[in-house]
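Q: Please take a close look at the lining of the largest pocket, and then set it beside the other parts of the chain. Which element gives the largest share of that lining?

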Amino acid sequence: MRHAVRQATEAGLDGLLITPGPDLVYLTGHRPPVTERLTMLLLLAGVPGPAPTTKPALVVPALELPGDQPDLEVVAWPDGEDPYAIVAGRLRDGRHAISDSAWAMHLIALQEAAPGVRYTSMTATLPMLRAVKDEAEVALLAAAGAAADATYEQILSVRFAGRTERQVAADLARLLREHGHEQVDFTIVASGPNGANPHHDIGDRVLREGDMVVLDFGGLKDGYGSDTTRTVHVGPPSAPEQEVFDVVRAAQQAAFEAVRPGVACQEIDRVARQLIEDAGYGEFFIHRTGHGIGLTTHEPPYLVRGEERPLVPGMCFSIEPGIYLPGRFGVRIEDIVTVTETGGRRLNTTGHGLAIVG
């Protein structure tokens, strides 16, 4: 919370208003239900110094009191009392950042209760609040990555031909849970021409010999995310398929090798994109090269053109170039990478070759 207040002060904010979601978990460990009843952490900023001058306050419904929170003043409100008046009475006029996930009904009620307060989004003003992970967080992300890797190793022995995308996706979800994921967020199985859609929604297409298959899956393990993509082939690939795969594999490797402190986020995207363009497939690489990961699957930093923010040790993000040929197939290879003092370290360690499945 002190770190958040320092960042807020440097950004010219007068305070932070945190609602249930990843920011609240990050700052307090509290995971309340997301309902129409207001829960909000109030952090006052704008005062120079190593710590806030006012103890952070957590305004919560009386029936949802958190466990022990020694660093917080817990302000409970019973049904029938106006929680927005409580919050407004503790705010000073000025510019406050509010969680991106705040409900519109809560924000509108606060605007009416505290007309002297101006609001901006957390991501717009403090995009790097959770971007730099400490050693414990990197360890949790590595464990989630290892669980996803174990899932991939096992899925290679599952039968693909003659089964539907939905059936293979169910196997992925089951294996993720068996390897410790408490939450499965996505299991993309994009076969044949469906692979040309990066975010294909699984369906009942039956996989068959000759299909390229993009497998993109992940979720949360012990609160931190996994996200990995491997592309496999049902039976031996054709020469054109192997060529496209090799280009994506080289682009992913080149982007990984470009990771080091001080390099701009957009440079990682440029390296991968340039290699794919030089091979003649530039128009078929239709998304950014990567996104941050932590308590949520997608969060800053983003490896995309125009993002000039430099890489910092402790940042964790995906590197996932792809080529998508409409009506034919797609290829994507994705690892989660953390920035070290000297370069990058992959948190996914399964092979990058084109695995042949049956």
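A: Strand S12 supplies the largest share of the lining of the largest pocket, namely three residues. The model is a predicted one, and every value below is computed from it. S12 covers residues 299-303, and along with helix H2 (22-28) and helix H5 (122-125) it is one of the elements that each contribute at least two residues to the lining. The largest pocket holds about 320 Å³ of space. Its lining comprises 19 residues, and those closest to the centre are Pro22, Asp23, Asp100, Thr123 and Arg130. By class, the lining consists of nine nonpolar, six polar and four charged residues.

Strand S12 also deserves attention for its backbone. Pro301 belongs to this strand, and the peptide bond between Pro300 and Pro301 is cis, with omega at about 5°. As background, most peptide bonds are trans, and most residues other than glycine have a negative phi. A backbone angle of the second kind is found at Asp222, a residue other than glycine whose phi is positive, near 55°. Asp222 sits in the loop that links strand S8 (212-221) to strand S9 (224-225).

The second largest pocket may now be placed beside the first. The volume of the second largest pocket is about 260 Å³. Its lining has 16 residues, and His199, Asp216, His291, His298 and Glu320 are the ones nearest the centre. Strand S7 (183-191) and strand S11 (290-292) each provide at least two residues of this lining. Sorted by class, the lining of the second largest pocket has six charged, six polar and four nonpolar residues.

From the pockets we turn to the strands near the start of the numbering. In strand S1 (residues 15-18), Gly15 and Leu17 lie on one side, Leu16 and Ile18 lie on the other, and all of them are buried. S1 has two pairings to consider. With S2 it runs antiparallel, and four bridges join the two strands. Within this pairing, Gly15 is opposite Leu44, and Leu16 is opposite Leu43. With strand S5 (residues 94-98), S1 instead runs parallel, and three bridges join them; here Leu17 faces Ile98.

Strand S2 (residues 40-44) is mostly covered, since five of its five residues are buried. Met40, Leu42 and Leu44 point one way from S2, while Leu41 and Leu43 point the other way. S2 is also joined to S3 by three bridges, and these two strands run antiparallel. In that pairing, Leu42 of S2 has Ala57 of S3 as its bridge partner.

Beyond S3 (57-61), the loop leading to strand S4 (73-77) contains Gln69. Gln69 counts as buried because its relative accessible area, 16%, is under the 20% limit. Leaving aside residues up to four places away in sequence, Gln69 touches Thr28, His30 and Val74. Its C-alpha atom is separated by 23 Å from that of Ala85, although the two residues are 16 residues apart along the chain.

Finally, there is the largest nonpolar core. In soluble globular proteins, nonpolar side chains tend to be buried together. The core has 34 residues, among which Val259, Ile268, Leu311, Phe317, Ile319 and Ile323 touch the most other members. Two or more residues come from each of helix H8 (239-257), helix H9 (265-278), strand S13 (316-319), strand S14 (322-325), strand S15 (329-332) and strand S16 (335-339). Of these elements, H8 gives the most, with eight residues. Val259 illustrates how the members meet. Not counting residues up to four places away in sequence, Val259 touches Ile268, Leu311, Phe317, Ile319, Val337, Val339, Gly343 and Gly344.

Terms used. Residues are numbered from 1 along each chain as its sequence is written. This is a predicted model: local features need pLDDT of at least 70, side-chain atom pairs count only at pLDDT 80 or more; totals for chains, interfaces and linings use all residues. Side-chain values use heavy atoms; hydrogens and water are left out. On a 1 Å grid over the protein atoms alone, a cavity is a set of points where a 1.4 Å probe fits but cannot get out, and a pocket is an open set with protein on both sides within 12 Å along at least five of seven lines; lining residues have an atom within 4 Å of a point. Grid points are joined across faces, edges and corners, and a volume is the space filled by probe spheres set on the points. Ala, Val, Leu, Ile, Met, Phe, Trp, Tyr, Cys and Pro count as nonpolar, Asp, Glu, Lys and Arg as charged, and the others, Gly among them, as polar. A nonpolar core is a set of buried Ala, Val, Leu, Ile, Met, Phe, Trp, Tyr and Cys residues joined through side-chain atoms within 4.5 Å. Buried means under 20% relative accessible area, exposed over 50%, partly exposed in between (1.4 Å probe, protein chains only). Contact means heavy atoms within 4.5 Å. Two strands pair if DSSP finds at least two bridges between them.
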